[in-house]
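Open the model in your viewer and get comfortable. We will begin with the whole chain and then visit a single residue.

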Amino acid sequence: MAIREIVKVGDEVLRMRAKEVTEFDERLGTLIDDMFDTMFRADGVGLAAPQIGIVRRICVVSVDGGRTKYELVNPVVLKSSGTQRGMEGCLSCPGRSGMVARPKKLTVQAKDRHGETKLYKVDGYEAVAFSHEMDHLDGVLFIDKVETEVE
């Protein structure tokens, strides 16, 4: 698989609303594999396609070092509840971090690389990661939501 270059804050692609994926083929699977490889190489827990310059509704998440890997294609939040606050950073905003409020629990429907619909119920840190990455698909960065930035 290939390691992709991560786009940094200031690049307009990070502010674009990503387009829905309509083709579920081998190229999509390769892209998802590349996204995981890129994310792990950068010591991240999530990566959205716009972060590698691809304006499509795709993100990947793994908060446990790869034991559990989520591939989210055209994800939609069906339900959210509660609030949790925590420190966040972003691979596209190196050197920046801050306190952000996110849902405590999420129910998300998404497709996988084969176009099969999946339902995920996540909470805690996984809910933070899902929410953070799905924001990227709408051109929203964590720095837009920071309550208190830490230098």
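In what order do the elements of the chain run from the N terminus on? They run α-β-β-β-β-β-β-β-α-β, and there are two helices and eight strands in the chain. Helices (H or I, at least four residues) and strands (E, at least two) are DSSP runs, numbered from the N terminus.

A word on what you see: this is a predicted model, where local features need pLDDT of at least 70 and side-chain atom pairs count only at pLDDT 80 or more, while totals for chains, interfaces and linings use all residues. Residues are numbered from 1 along each chain as its sequence is written, and side-chain values use heavy atoms, with hydrogens and water left out.

Keep the whole chain selected. Its C-alpha atoms fill a box of roughly 40 × 30 × 30 Å along the principal axes. Now colour by burial: 46% of the 151 residues count as buried, that is, under 20% relative accessible area with a 1.4 Å probe, protein chains only.

Next, select strand β3, residues 70–81, and pick out E71 there. Is E71 buried or exposed? E71 counts as buried because its relative accessibility is 14%.

Add R113 to the selection. The side chains of E71 and R113 are joined by a polar contact of 2.9 Å; such a contact is a pair of N or O atoms within 3.5 Å, one able to donate a hydrogen and the other to accept it.

Finally, show the other residues that E71 touches, including I32, F36, C59, V60 and Y120. Touching here means heavy atoms within 4.5 Å, and residues up to four places away in sequence are not counted.

Terms used
Buried means under 20% relative accessible area, exposed over 50%, partly exposed in between (1.4 Å probe, protein chains only).
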